[in-house]
Amino acid sequence: MVVDRIFSGIQPTGTPHLGNYLGAIQNWVNLQEEYSSVLYSIMDMHSLTMPKEPAVLRQNILDTTAAILACGIDPKKCFLFRQSLVPEHAELAWILGCLTNVPRLLRLPQWKMKRASQNSEGTVGLLTYPVLQAADILLYKSTHVPVGEDQVLHLELAQDIAQHFNKKYGEFFPVPKAILSTTKKIKSLRDPAVKMSKSDPQKLATVNIADSPDEIVLKFRKAVTDFTSEVTYDPAARPGVSNLVSIHAAVTGLSMKEVLHQATGLDTAHYKMVVAESVIQKFAPIRNEIKKLQEDKSHLIKILEDGAEKAKELAAPIYQEIRRLVGFQ
């Protein structure tokens, strides 16, 4: 019998930003209420695809954990765990990698994009991490995966790998379905042509959920718009202002129509402050909770270890059957 099961993960980059929250974490909080079997993983193995200092990675894992707990993720309603504490992820990735063609991985846009930041060389880990993503999902026989637009191709790879495995060894994996985020992609405040990113060298481009009210006001005040003062929504012609409207709608839960109605008569300079205030109000309780949680590292570590034990328990019989199917036992 197939159980509806959610799997999703987040890379430990420290405290998440506004785009992470609206595009993924907010959705995770809702999904843990709707589904009875939900797994959320801190993807520390994936984070090694880009160079990291060990001390920074350790701290980022704890900061990311504190942030998603503060946002409303409840370990009683989901398994929250660190990917590297469940070694079957890597073992299954090897098996699935032996069913995956290299040309398929070379065509994925993330490889082309991130390789450019590694002096056009690119590591084996960077090339094959989509196979590890497939293993993350399939190890638990997950049926649904919440994804943003930029991860759809990676989920399609996981679907194809599942079907390839089933064809070779008999029906085993459910083919996971996408749960697409309904939030518009949040763009950089300094360049609305690109998405908001933690790695953006422009400090004013990205709003982090633990930013102080003064920092949030400054970033929105400096947000790139255009020379038309009226507030309208037209992503093609007015990407900067449209990004502000998207953010305003997402943090308040209002429709685009309602947000635009509220902005009637405001020029963009005043509207920026309205959006900044909405973001400040949304994040104030989360920011306070993050600070509280960061003070107790052992509590955060225990949550991730307890979650990993539950994840291992769920994965063990599935992985044993995979070992039998491929001929390891």
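Look for salt bridges between domain 1 and domain 2 in this predicted model, and the count is zero. Polar contacts don't turn up there either: across the interface of the two domains, the rule finds zero residue pairs, with both partners held to pLDDT 80 or more. So what does sit at this interface? Sorted by class, the side of domain 1 that touches domain 2 has seven nonpolar, three polar and two charged residues.

Let's step back and see what these two domains are. Domain 1 is made of two stretches of the chain, 6-185 and 298-326, while domain 2 covers 213-291. If you take the centre of each domain over its C-alpha atoms, the two centres are 31 Å apart. The domains do touch: twelve residues of domain 1 are in contact with 13 residues of domain 2. Put together, they bury about 910 Å² between them, and 79% of that is on carbon and sulfur atoms. On the domain 1 side, three residues lose the most area to domain 2, namely Leu-18, Ala-70 and Lys-184. Together they account for 47% of what that side buries.

Which helices supply the touching side of domain 1? Helix H1 (18-34) and helix H3 (54-70) each bring at least two residues to it. H1 gives the most, with four residues. If you want to find this in the 3D view, start at Leu-18, one of the residues that lose the most area, and follow helix H1, which runs over 18-34.

Now for the salt bridges that do exist. A search of the whole structure finds nine of them, even though the count between the two domains is zero. The basic idea is simple: side chains of opposite charge can pair when their charged atoms come close. Three examples will show you how such pairs can be placed along the chain.

Take Asp-44 and Arg-82 to begin with. Their side chains meet in a salt bridge, at 2.9 Å from N to O. Asp-44 lies in helix H2 (residues 44-47) and Arg-82 in strand E3 (residues 79-82), so this pair ties together parts that are 38 residues apart in sequence. Are the two partners buried or exposed? Asp-44 is buried, because its relative accessible area is 5%, under the 20% cut-off. Arg-82 has a relative accessible area of 26%, so it counts as partly exposed.

The next pair sits in helix H13 (residues 297-326). Lys-312 forms a salt bridge with Glu-309, and their closest N and O atoms are 3.7 Å apart. Why are these two separated by about one helical turn? Because they are three residues apart in that helix. Both partners are partly exposed: Lys-312 has a relative accessible area of 29%, and Glu-309 has 47%.

Further along in helix H13 you'll meet Arg-324 and Glu-321, again three residues apart, about one turn of the helix. They form a salt bridge too, with the closest N and O atoms 2.7 Å apart. Arg-324 is partly exposed at 45% relative accessibility, and Glu-321 is partly exposed at 27%.

To finish the tour, here are a few single residues to click on. Val-3 lies in the segment before strand E1 (5-10) and is partly exposed, with a relative accessible area of 35%. Leaving aside residues up to four places away in sequence, Val-3 touches Ser-37 and Thr-143. Lys-291 is another story: it is 288 residues from Val-3 along the chain, and the C-alpha atoms of the two are separated by 37 Å.

Pro-109 belongs to helix H6 (residues 109-116) and is partly exposed at 36% relative accessibility. Along the chain, Pro-109 and Leu-153 are 44 residues apart, yet their C-alpha atoms are separated by 8.7 Å.

Last comes Lys-141, in the loop between helix H7 (124-138) and strand E4 (144-147). What is the phi of Lys-141? It is positive, about 55 degrees, although this residue is not a glycine. At 27% relative accessibility, Lys-141 counts as partly exposed.

Note on methods:
Residues are numbered from 1 along each chain as its sequence is written. This is a predicted model: local features need pLDDT of at least 70, side-chain atom pairs count only at pLDDT 80 or more; totals for chains, interfaces and linings use all residues. Side-chain values use heavy atoms; hydrogens and water are left out. Domain bounds come from an automatic or database domain assignment. Contact means heavy atoms within 4.5 Å. Buried area is the accessible area (1.4 Å probe) that two parts lose on being put together, summed over both. A salt bridge is a side-chain nitrogen of Lys or Arg within 4 Å of a carboxyl oxygen of Asp or Glu. A polar contact is a pair of N or O atoms within 3.5 Å; within protein, one must be able to donate a hydrogen and the other to accept it, and residues adjacent in sequence count only if both atoms are side-chain atoms. Ala, Val, Leu, Ile, Met, Phe, Trp, Tyr, Cys and Pro count as nonpolar, Asp, Glu, Lys and Arg as charged, and the others, Gly among them, as polar. Buried means under 20% relative accessible area, exposed over 50%, partly exposed in between (1.4 Å probe, protein chains only).
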